[in-house]
Amino acid sequence: GLMLLFSTMALAKLAMLPGPIFTPTSTADTIIIPYTDAYILQDAGVAILTAFLGYAFAKAVTTAFDLGYLTSKESRKIIHTLSAPL
């Protein structure tokens, strides 16, 4: 996981990945903006935040199961249904 994140950040920094697409309203030309340090840090921060929230969510559902608030079937369905958008 972390190796993939770091390698993607390195490829973006070395301009080997295309950046965001920008289409000015005055022309029909499409411009690809190179990744800046701010874009790379933003993407890395969101990836780390998403991983942390996914772990916390799974831990919360597991704790609810351990305390008897949820059955095994319910906890499995909740994790599979709600973690898909992550």
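This passage walks through a few local features of the structure, from its first helix to its third. The model is a predicted one, and every value below was computed from it.

A good place to start is helix α1, which covers residues 2-13. With its twelve residues, α1 reaches 16 Å from the first C-alpha to the last, close to the 16 Å expected at 1.5 Å a residue. Leucine 5 has its place in this helix. Its relative accessibility is 19%, and because buried means under 20%, leucine 5 counts as buried. What does leucine 5 touch, once its neighbours within four places in sequence are left aside? The contacts are Ala44, Ala47 and Ile48. Those three partners fall within the numbering of helix α2, which takes in residues 37-66. Isoleucine 32 is another matter: leucine 5 and isoleucine 32 are 27 residues apart in sequence, and their C-alpha atoms are 22 Å apart in space.

At the other end of α1 sits lysine 13, a residue of that helix. Its side chain meets that of aspartate 37 in a salt bridge, with 2.5 Å from N to O. The pair links distant parts of the chain, since aspartate 37 belongs to helix α2 and lysine 13 to α1, with their positions 24 residues apart. The count for the structure comes to one salt bridge, so this is the pair to look for when turning the model around. How open to the surroundings are the two partners, given relative accessibilities of 53% for lysine 13 and 44% for aspartate 37? Exposed means over 50%, so lysine 13 counts as exposed, while aspartate 37 is partly exposed.

Just after α1 comes a stretch with some features of its own. Alanine 15 lies in the loop between α1 and β1, the latter being residues 21-22. Here phi is near 60°, a positive value in a residue other than glycine, and it turns up just after the helix. Alanine 15 counts as exposed because its relative accessibility is 60%. Leucine 14 is found in the loop between α1 and β1 too, and at 59% relative accessible area leucine 14 is likewise exposed. Which residues make the nonpolar surface patch of about 380 Å²? Leucine 14 is one of them, together with Leu11, Met16 and Leu17.

Aromatic side chains bring in the next feature. The structure holds one aromatic pair. It is formed by tyrosine 35 and tyrosine 39, whose ring centres are 6.3 Å apart and whose planes stand at 90°, so the pair is edge-to-face. Both distance and angle matter here, as a pair of aromatic rings is described by the distance of the centres and the angle of the planes. Tyrosine 35 is partly exposed, at 27% relative accessibility, and tyrosine 39 is partly exposed as well, at 30%.

The last stop is helix α3, made of residues 72-82, where serine 75 is found. Is serine 75, at 11% relative accessibility, buried or exposed? It counts as buried, because 11% is under the 20% cut-off. Leaving aside neighbours within four places in sequence, serine 75 is in contact with Val61, Phe65 and Leu70.

Terms used:
Residues are numbered from 1 along each chain as its sequence is written. This is a predicted model: local features need pLDDT of at least 70, side-chain atom pairs count only at pLDDT 80 or more; totals for chains, interfaces and linings use all residues. Side-chain values use heavy atoms; hydrogens and water are left out. Helices (H or I, at least four residues) and strands (E, at least two) are DSSP runs, numbered from the N terminus. Buried means under 20% relative accessible area, exposed over 50%, partly exposed in between (1.4 Å probe, protein chains only). The expected span of a helix is 1.5 Å times one less than its number of residues. Contact means heavy atoms within 4.5 Å. Patches are made of residues with over 30% relative accessible area and no salt bridge: like charges are joined within 9 Å, nonpolar side chains (Val, Leu, Ile, Met, Phe, Trp, Tyr) within 5 Å. Accessible areas come from the Shrake-Rupley method with a 1.4 Å probe; for residues, only the protein chains shown count as cover. A salt bridge is a side-chain nitrogen of Lys or Arg within 4 Å of a carboxyl oxygen of Asp or Glu. Rings of Phe, Tyr and Trp (its six-membered ring) pair if their centres lie within 6.5 Å; planes under 30 degrees apart count as stacked, over 60 as edge-to-face and the rest as tilted.
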